[in-house]
Amino acid sequence: SHSCKLLVVGGGAAGCSMAAKFTSKLGKGQVSIVEPTDDHYYQPMFTLIGGGMKKLSDSRRPMKSVLPSGATWVKDKIVSFDPENNRVRTQAGSEISYEYMIVASGIQMYYDRVKGLQEALDQPDSGVSTNYSPQYVEKTLRNLQHFQSGPVLYTFPATPIKCGGAPMKAVLIGDEYLRKHKKRDAAKLTYCTGMGVLFPSPFYAEKIHDILIGRGVDVHKGKALVEIDLANKEAVFKSEDKTERLPYAIMHVTPPMGPVPELATSRLVDQSGYVNVDKATLQHVKYSNVFAIGDCSNLPTSKTAAAVAGQCKVVYDNLSAVMKNRALPHEYNGYTSCPLVTGYSKCVMAEFDYTLKPLETFPVDQSKERSLMFQMKKQVMPFLYWNLMLRGYWNGPGVFRQMFHLGGLVKQQNRE
Ligand code: FAD
Ligand code: UQ1
């Protein structure tokens, strides 16, 4: 058991970046990070791994190598939060008290909310995979390789998820894989989402819809996967008025997701189970010494690493002000970005904020499929993530947007 000035919950994209920033500011031994896992994954690479464009090992680094060396890594899991008394309890039974806390525990998969899903994922020849886990992402490629003919199903659950574009990237990469290998004519691709819309931003949703239809994909909204009947190779979907069974040869599932249970049962969250913070300042609405960042927060924007980058400086500036009893100087605009990889060489670089209207960095129309944006996603982003973001030096591309703007390369932003 110990006490620290700043406690960071989670060593993922957000926790690692914030720990780096505050370790530089506060000095050695002032920041403690609680993170139970041995490896840190660059999750945005999973879609490329599922298509065979990167190896799983490219996305993985030892946790020890990415956490700041001047911080204390507690390799344990927080099991209960006591924000009234500024302390937490861990699985191993220790108690950590803090002056300030940043919660960055991410979002969790709930495979058990689809009957038969866990068994289907674990069985090597079931044809069922998900890019959402390092455990199952390589199976996506294997399924495409072994596929001969029949229905190919893709799903999106009826819950919020991280990277709302990733389920569609799986479809478009799958489509192009099958075309390349002369199997597309033998395949019937169907995309079912439990949501009422394809994508949170209507502007990009329309582009994505057109791309999917253009590729010959059947698109269904309001249809959530509830069961996988492994024996009969059928998926069971529920919509408002009916239940239906669709056969599959292979299937890519995006599982239901939610906040980690330790948080959901704490006093830190709203009724949705996500940490209840002010949507501009990222400060907890009740506990002023607590902030949340990333997927675990109830910020009404799409959960991405790009959003985390946009939130980093806001949390840094505002928590630094709280430490000095000053007014909070910085407001988050809801910035998020989703590189919608549409195959093996192109990408729609969606960027938007709380208004859901486009807020694009580059002086080109990013809603078009572009190979430059694909290279950004495949080559530039991983470099940026490992070398700048995790070390606390990347606060999102806003500075470049402003630079292009000042350079006279003005384009209309927040288009309808
Ligand atoms: P995470 O990075 O998930 O980290 C959370 C950490 O908290 C984990 O390490 C976990 O072990 C730890 N934790 C959980 N519970 C506890 C506890 N009780 N105690 C201590 N620690 C705990 N984003 C993009 O910007 N662009 C993309 O193209 C993109 N594509 C994606 C594709 C896929 C397939 C996936 C899965 C994600 C993608 N993302 C993308 C989303 C991005 O990876 C996440 O939004 C980002 O990692 C969020 O960071 P985070 O720190 O909030 O959560
Ligand atoms: C981004 O900043 C970021 O964080 C490192 C990502 O995570 C991998 C992204 O995918 C994207 C798209 C951004 C936004 C950056 C630019 C240059 C559009």
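Good morning. I begin with a helix contact: A13, A14, S17, M18, K21 and K25 of α1 meet A305, V308, C312, V315, Y316 and S320 of α9. By class, this contact between α1 and α9 comprises eight nonpolar, two polar and two charged residues. I should state at the outset that the model is predicted.

The geometry of this helix pair is as follows. The axes of α1 and α9 come within 10 Å and cross at roughly 30 degrees. The crossing of the two helices, α1 and α9, is right-handed.

Both helices also bear on the ligands, to which I now turn. Which elements each supply at least two residues of the shell around ligand 1? They are α1, spanning 13-26, α2, spanning 46-50, together with α9 and β20. In total, 37 residues surround ligand 1. The closest of them are G10, G12, A14, G106 and G294. A14 will be familiar from the opening, being one of the α1 residues that meet α9. As for the character of the shell around ligand 1, 19 of its residues are nonpolar, 12 are polar and six are charged.

Next, ligand 2. This ligand is surrounded by 16 residues, and the closest are P44, A305, A306, S337 and P397. Here again a residue of the helix contact returns, since A305 was listed among those of α9 that meet α1. Four elements appear in the shell around ligand 2 with at least two residues each: α9 (305-323), β20 (336-341), β21 (347-352) and α10 (371-389). Which element gives the most to that shell? The answer is α10, with four residues. The shell around ligand 2 has 12 nonpolar residues, three polar ones and one charged residue. Taking the two ligands together, α9 and β20 supply at least two residues each to the shell around ligand 1 and likewise to the shell around ligand 2.

Finally, I come to a sheet. Strands of a sheet pair through backbone hydrogen bonds, in either a parallel or an antiparallel manner. In this model, three strands form an open sheet, ordered β14-β15-β16, with antiparallel pairing. Its edge strands are β14 (224-229) and β16 (243-247), each of which pairs on one side only. From one strand to the next, the twist averages 30 degrees. Five bridges join β14 to β15, the latter comprising residues 234-238, in the antiparallel sense. As an example of the register, I228 has A235 in β15 as its bridge partner.

Thank you for your attention.

How values were computed. Residues are numbered from 1 along each chain as its sequence is written. Chains are lettered from A and ligands numbered from 1 in the order in which they are written. This is a predicted model: local features need pLDDT of at least 70, side-chain atom pairs count only at pLDDT 80 or more; totals for chains, interfaces and linings use all residues. A residue is near a molecule or strand if its C-beta atom, placed from the backbone, lies within 6 Å of it. Ala, Val, Leu, Ile, Met, Phe, Trp, Tyr, Cys and Pro count as nonpolar, Asp, Glu, Lys and Arg as charged, and the others, Gly among them, as polar. Two strands pair if DSSP finds at least two bridges between them. Axes are lines fitted to C-alpha atoms, for helices over the stretch in contact, and angles run from 0 to 180 degrees between N-to-C directions. A crossing is left-handed if the near helix is turned anticlockwise from the far one by less than a right angle, and right-handed if clockwise. Two residues are in contact if their C-beta atoms, placed from the backbone, lie within 7 Å.
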